[in-house]
Structure formats: structure tokens, C-alpha cells
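The following exercises concern a sheet and a lysine side chain. Please work through each task with the sequence and the structure at hand before reading its solution.

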Amino acid sequence: MNSHPTLSSSHPESQHGAETAEFEYGLIVAGNAFHRWVVRCMTAAGLAELSSLEVLLLHSVNHRARDKSLSDIGFVLNIEDTHIVNYGLKKLLRLGLVERGKRGKEVTYRSSDAGQEAVRRYREIREDCLIRSLESLGTVNHKQIGDAANLLRALSGLYDQAARAATSASCTE
């Protein structure tokens, strides 16, 4: 009898990593669904021209109503390539959703009134379309969502550590 679960995809499987491969496949599917959701929710909020990354950048800039540097934003979203963040911020600037500022010599970003309004509309649609649906299922509660978030944060650290090890080819040394 096969002791390994049946994988939902051809994602890499090993004798000791079947559950991890299944988890990674779940991340792929959930990640794609999440990015599609973010774009469609922001489209419903009135901004159809934003990619999922640009929506996440707007949320990050808007968070806690504090000016943030390019490196702050990249760090919080765990994006190494600052060029991608910079490109998205330039688009948000052109659309009038964020404003540029200065902190010493460092360029900072903050939400404009239009950006804050877009995030407010997004939040309302999120409540109506996602949160209420989640609560009506009755199968997932807020504590479970919080526990899953904590697990994902911990696993992201492990994946980052494994990526550094793979880069230096020191995984098995």
C-alpha cells in the first residue's frame, strides 16, 4: 500500500517530502487565486488598471498612514528586486494614488487622498464579498486564519533560508 498522499500536481515529490510538495502546490493554487481576487476586488473598487502587485503596493504604502521608503516597502512585501517595486510605485504616482516625499535624502511614499479612498472602497468590497462569505461557511474561524497566517510567515522564513542555502550550494554541507 502506498503511504504517500496522492499529489494534486506534478510538483516535485520525494520520499520524505510528499506533504511539502502538496503544500507547495496548494500555495501555487492559492497564490494565483489570491492575485486574481486582489485585481478583481480593486477593479470593483474602481481601479481596473492595476496589477496585483500594484494593488499590494498601494495597500503597503497606505498601511498605518506613514511615509515609507522603497526599501521599506520591498522589505515588508519580501520583494528583493527593488526595480519591480519602483516601477509599480511610478505607476501609482502617475495615477495619483500615491505621493512622493523626502526623509533626509531618501525618497518616501504615502497614499494620496485618492489612494486612501481606493483602499477604503477595496476594504468595503472585501468585507462584503470575502469576509462575509468566509464567516457564512462556518468551517473556518478567525483563529484558524490567524494560525494559518503565523504558519505562512514562519514557512516564508524557512523558504528564504533555503533559497540562500541553494544560492551558496550549502544545502547539504
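**Exercise 1: The sheet**

V98 has S111 in β3 as its bridge partner. The model is a predicted one, in which local features need pLDDT of at least 70 and side-chain atom pairs count only at pLDDT 80 or more, while totals for chains, interfaces and linings use all residues. Residues are numbered from 1 along each chain as its sequence is written, and side-chain values use heavy atoms, with hydrogens and water left out.

Task: Determine in which order the strands form the sheet.

Solution.
1. Strands are DSSP runs of E with at least two residues, and helices are runs of H or I with at least four, both numbered from the N terminus. Two strands pair if DSSP finds at least two bridges between them.
2. β2 and β3 (residues 106–111) run antiparallel and are joined by six bridges; here E99 stands opposite R110.
3. The hairpin of β2 and β3 has two residues between the strands, and G104 takes a positive phi near 70°.
4. β1 and β3 are also antiparallel, paired over two bridges, with S69 opposite T108.
5. The three strands therefore form an open sheet in the order β1-β3-β2. Its edge strands, β1 and β2 (98–103), each pair on one side only.

**Exercise 2: The lysine in β1**

Task: Establish which backbone oxygens lie by the side chain of K68, and what its nearest side chain of opposite charge is.

Solution.
1. K68 belongs to strand β1, residues 68–69.
2. K68 is buried, that is, under 20% relative accessible area with a 1.4 Å probe, protein chains only.
3. Lys and Arg count as positive, Asp and Glu as negative, and His and the chain ends are not counted. The nearest side chain of opposite charge is D67, 7.3 Å away. K68 has no salt bridge, a term requiring a side-chain nitrogen of Lys or Arg within 4 Å of a carboxyl oxygen of Asp or Glu.
4. A polar atom of the K68 side chain lies 2.9 Å from the backbone oxygen of R66 and 3.4 Å from that of S60.

Key
Buried means under 20% relative accessible area, exposed over 50%, partly exposed in between (1.4 Å probe, protein chains only). A polar contact is a pair of N or O atoms within 3.5 Å; within protein, one must be able to donate a hydrogen and the other to accept it, and residues adjacent in sequence count only if both atoms are side-chain atoms.
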